[in-house]
Amino acid sequence: MIGSADVEAIREMTAFFSRRDQRRGDADGRPAVVAHLRSSVADALNATIASEHLRRELFCGPRRLAASAG
């Protein structure tokens with residue numbers, strides 16, 4: 001089950017990659033971003049999420065990150 005601590009951890013990593021992208025450009029960290037999306041984010045999205053509110057929170061940041069990595 002995905003809870004608030006899991007969503008916060010994904011949010012923190014997403015914010016880190018976003019800040020890094022703004023400083024260095026998206027190509028520099030793209031492999032790490034893709035790995036994060038494929039592992040942590042994908043696993044969380046396929047798991048049971050504790051509430052509808054957390055589900056929305058979980059989708060918000062990684063969606064923007066995926067768009068910038070694409």
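1. Let's start with Ala9, which sits in helix H1. This is a predicted model, by the way, so read everything below in that light. Ala9 has a relative accessibility of 38%, so it counts as partly exposed. Its C-alpha lies 9.3 Å from that of Ser40, although the two residues are 31 places apart in sequence.

2. Now look at the helix that carries Ala9. H1 covers residues 4-24, and its axis comes within 10 Å of the axis of helix H3, residues 52-69. The two axes cross at roughly 20 degrees. Angles under 35 degrees count as roughly parallel, and H1 and H3 are therefore roughly parallel to each other. If you want the hand of the crossing, it is left-handed.

3. Who makes that contact? On the H1 side you'll find Ser4, Val7, Ile10, Arg11, Thr14, Phe17, Ser18 and Asp21. H3 answers with Leu54, Glu57, Leu58, Gly61, Pro62, Leu65 and Ser68. Sorted by class, the contact between H1 and H3 is a mix: 7 residues are nonpolar, 5 are polar and 3 are charged.

4. Next, the inside. The largest nonpolar core is made of 13 residues, and Val33 and Leu58 have the most contacts within it. Three elements each give two or more residues to this core: H1, helix H2 (26-46) and H3. Leu58 also turned up above, as one of the H3 residues in contact with H1.

5. Val33 deserves a click of its own. Setting aside neighbours within four places in sequence, Val33 is in contact with Phe17, Leu65 and Ala69. Phe17 and Leu65 are also among the residues that make the contact of H1 with H3.

6. While you're there, check His36, which belongs to helix H2. Is His36 buried or exposed? Its relative accessible area is 6%, so His36 is buried. Leaving out residues up to four places away in sequence, His36 touches Ile10, Met13, Thr14, Phe17, Val41 and Leu65. Some of these names should look familiar: Ile10, Thr14, Phe17 and Leu65 are also listed in the contact between H1 and H3.

7. Last stop, Arg24, back in helix H1. What is the relative accessible area of Arg24? The value is 55%, so Arg24 is exposed. Arg24 and Ala69 are 45 residues apart in sequence, and their C-alpha atoms are 13 Å apart in space. Ala69 is also one of the residues in contact with Val33.

Key. Residues numbered from 1 in each chain as written. Predicted model: local features only at pLDDT ≥ 70, side-chain atom pairs only at ≥ 80, totals over all residues. Heavy atoms only, no water. Axes fitted to C-alpha atoms, helices over the stretch in contact; angles between N-to-C directions. Helix = DSSP H or I, 4+ residues; strand = E, 2+ residues; numbered from the N terminus. Parallel < 35°, antiparallel > 145°, perpendicular 65-115°, else oblique. Left-handed = near helix turned anticlockwise from the far one by under 90°. Contact = heavy atoms within 4.5 Å. Nonpolar A, V, L, I, M, F, W, Y, C, P; charged D, E, K, R; others polar. Core = buried A, V, L, I, M, F, W, Y, C linked by side-chain atoms within 4.5 Å. Buried < 20%, exposed > 50% of the residue type's maximum accessible area, 1.4 Å probe, protein only.
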